Each structure stands twice: as C-alpha cells, then as structure tokens.
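User: Hi! I'd like to go through this model with you, one question at a time. Could you take me through the reasoning behind each answer?

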Amino acid sequence: MTTYTQKIREISKRLLQEGRVDMVIGFARGSVPMINQPAFATHSADADRFVWDGNCGINLANYVTGRQETIGIVAKGCDARNLAVHIVENKIRRDQLYIIGVPCMGMTDRHKLTAAVAGEIESVDEDESGKTVTVSGDGFSETFNRAEMLQENCMLCMHRNPVLFDEMIADPVPEQTDEDIDRYGAVRRVENMNPEEKWDYFDDLLSDCIRCYACRNACPLCYCPTCFVDESKPQWVGKSIDPADIRIFHFLRAYHCAGRCTDCGACVRSCPMGINVRALTKKLEKDCLEYFGWEAGLTTEQRPPLDTYKPDDPEQFIK
Amino acid sequence: MKNLLEHMGIDPGRLHFSWISSAESTKFVDVAKKVTEEAASLGSKEKKYMKTKPKVA
C-alpha cells in the first residue's frame, strides 16, 4: 500500500505545483486507529499528509458539494461513482475536478477487527501485497486474511475501479462479477419473510439508533441545505427516539437515496452504534436494478430513473 | 416506495396507491371506502404503528 501512498502524494504535489488545481482532497491518518480522515491540501507541502490503506472508507465526494475551486480528488471506485452522481445533479462541474483514480481492493471493517481481538487495537498494518492485515495493541499482535475482514459492501462491490478519472495511480484491479458474489442475498432473506417478521427484523436493526444523524452527515448524497429532519416549520418527522420516529427517519433517509446510492458504505462506517443502515439502501439499489436496469454513478450522460419519466416505467402498484 | 414500505414490514393490504384527478370525486370516495375496509379487515392489533413513548420524557 505504500506505493499507492507515494503515488498519491506525487500526483498531488505535481497538480498543486503546476497550478492545475487549487486544492487536493485525500485521506490522512486519523487521530485514532482505523479511522482515516479527509485532508485538504492547498500547498504541495500539505500533500505529505496523504495516505492510502484499508481505512479510507469515508466517501470524499461528500466534500466537493457546491465548491467553486478546481479540485484534485483521490477517488476509489465508489467515490468516483458518487462524483458522477454529483456531476449529474449539478453539485460540481466535471471541469472543476481532476480525479485521481485509485483501484480499490476494499476497506477493512473496524467493527470486525475490533471484535476479532481481545484488547484495544493501537495500530493496524497491511502488507504491501494487500493479502493480510495485522492488528496490534498492548501485548498482542494478530494477522488476518484481509479479504475476510472487509466491510460487507466492499465484499459485494462490483466497481472497484473508478469509472471516472483523469489519472489512475495503478493498473486496474480485477472486478468481481455476479458469478463470484451474491450481491442481494441479505435483501432476499428479508424479502422472503412475512410482514410480521420483517417488522421485527427492522425493529431489532434500528433499536440502537440514537438519532445522531452520522449516517446522513457521512453520506455524499445528503447535501440539502436544510435536511428534513432538522426542519421545524413544518416539522416533517418526530425528533424523539420513539421506535416510530426512528423508523420514519430511516425510511425517508433511505428513500432520498433511491437510484442515487452507490453502496459506498459511508453510512454504516460512520454509525457509532454499528447499525447496518445498508439493509434499507441495498433494497432500493436492487429494485432500481430490477425495474430500471440502473446502477447509480456509472455515467454522467444519463439522468437517474427517479428523475425522468418513461412511458414504460413500471406502475403496477397504482390501482 | 411501496416496495420499501413493504420491505420494512408494513402489511401490503395497508398500502394503496391511486391516481385520482380532482374531477373524479366518485372515484375518490370509492377508493377511500375500499382502503378503509381493507385496512379494517386486517384488524386493529397494529398498535405498533403508533408512538409509545411520552412526548416529554
């Protein structure tokens, strides 16, 4: 992974020195292990803060919304797709962006790693080949197969290589196909339940929610100047942690992402309570694929399905 | 939207989508009757749709 880091720093410095961009957005080491933070470099010296490893799970497309400068941005597969969504939704212009594409082998799941060892993790190291990840802390050091410690959305990812880029930092990595993975297995399991079981499943899933809105803040799609949950005139949704209010919040938040969500996993990663918010968005992604043959963020040429009307749009549900 | 509501465990019989023009008052009445009847036939055990916690804790 150090070659990736070096290459990102090198390109960022070049872009800033040449004046090609006003700013480069990348990942920097966070203040605690396993959580990298976004970093903004406006001078070539700042680019030395940039790193690349398995903890770059946040989605950097979140930080370009409505910006006026020209921006160099480090983008893995999902970030690039979200940049494409931003471009289609007029949140940034393509010519403002210089996309530094990073072929990605998935991000490690900090919850999984934390659960796998007894003590507090103080450092995480990955070998250069990306096969193993070693976590160590006070009195222990354990090595795991990296592929088994990935976030669920990364395990099910079919677009590891950026679809949109100006420069790639390495050769593309092999993509997974429907033959290798079952993308919608978890969704189908819920689909096969009866209404009571579904209700209980989501009751249980959302029972820990503290309404902190970290999922919304981490999501690159959530860029409204005032979110519906923050509005009080009119107040669209109750602000309490009553199960009914929590459910409505999650339902509406997910629905706002329909046809736009790239399953980047930023929501799950940011959740302090470890709630798998993707259980909702993944269903919408599946429906979009089945009804409209649509996957978000693969092109800047086409409007998303919920944004357009076609005479043959499915409408069996209207009676 | 219907799919996601059903996915989250709302009984399909409680969901109804119709296109009714402002000129179709009779259709509106018919649909409203049908929907309430259908929902009523599913029973009123569904306390779960209501808030249970007091407004000020």
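**Salt bridges and the chain interface**

Analyst: Happy to! Glu191(A) makes a good starting point: this is a predicted model, and in it Glu191(A) has a relative accessibility of 23%, so Glu191(A) counts as partly exposed.

User: Which residue does the side chain of Glu191(A) meet in a salt bridge?

Analyst: The N to O distance of the pair is 2.9 Å, and a salt bridge needs a Lys or Arg nitrogen within 4 Å of a carboxyl oxygen of Asp or Glu. Glu191(A) lies in helix α5 of chain A and its partner in helix α10, so the pair ties together parts that are 95 residues apart in sequence. The partner is Lys286(A).

User: Is Lys286(A) buried or exposed?

Analyst: The cut-off for buried is under 20% relative accessible area. Lys286(A) has 7% relative accessibility, so Lys286(A) counts as buried.

User: How many residues apart are Arg247(A) and Asp203(A)?

Analyst: Their side chains meet in a salt bridge at 3.2 Å, N to O. Arg247(A) is buried, with a relative accessible area of 9%, whereas Asp203(A) is partly exposed at 33%. Arg247(A) sits in helix α8 of chain A and Asp203(A) in helix α6 of chain A, and the distance along the chain is 44 residues.

User: Where does Asp48(A) lie, given that the pair it forms with Lys13(A) links distant parts of the chain?

Analyst: The side chains of Asp48(A) and Lys13(A) meet in a salt bridge of 2.8 Å, N to O. Both ends are partly exposed, Asp48(A) with a relative accessible area of 39% and Lys13(A) at 27%. Lys13(A) belongs to helix α1 (residues 2-18) of chain A, and Asp48(A), 35 residues apart from it, lies in the loop between β2 (37-41) and β3 (71-75) of chain A.

User: How many salt bridges does the rule find across the interface of chain A and chain B?

Analyst: Over all chains the count comes to 24 salt bridges. Between chain A and chain B, residue pairs in polar contact (both at pLDDT 80 or more) number zero. For salt bridges across this interface, the rule also finds zero.

User: What area do chain A and chain B bury between them?

Analyst: The contact involves 28 residues of chain A and 25 residues of chain B. Carbon and sulfur atoms carry 64% of the buried area, and the total is about 2,300 Å².

User: Which three residues supply 30% of the area that chain A buries against chain B?

Analyst: Their share is more than that of any other three residues. They are Trp199(A), Phe251(A) and Lys319(A).

User: Which helix gives the most to the side of chain A that touches chain B?

Analyst: Four helices of chain A, α5 (185-191), α6 (195-206), α8 (243-256) and α10 (278-292), each supply at least two residues of that side. By class, that side has 18 nonpolar, one polar and nine charged residues. With seven residues, the helix that gives the most is α8(A).

User: Which residues is Cys271(A) in contact with, leaving aside its neighbours within four places in sequence?

Analyst: Cys271(A) lies in the loop between α9 (266-270) and α10 of chain A. Its relative accessible area is 9%, so Cys271(A) is buried. With those sequence neighbours left aside, the residues in contact with Cys271(A) are Arg110(A) and His111(A).

Methods. Residues numbered from 1 in each chain as written. Chains lettered and ligands numbered in written order. Predicted model: local features only at pLDDT ≥ 70, side-chain atom pairs only at ≥ 80, totals over all residues. Heavy atoms only, no water. Contact = heavy atoms within 4.5 Å. Buried area = accessible area lost by both parts, 1.4 Å probe. Polar contact = N/O pair within 3.5 Å; in protein donor to acceptor, adjacent residues only side chain to side chain. Nonpolar A, V, L, I, M, F, W, Y, C, P; charged D, E, K, R; others polar. Buried < 20%, exposed > 50% of the residue type's maximum accessible area, 1.4 Å probe, protein only.
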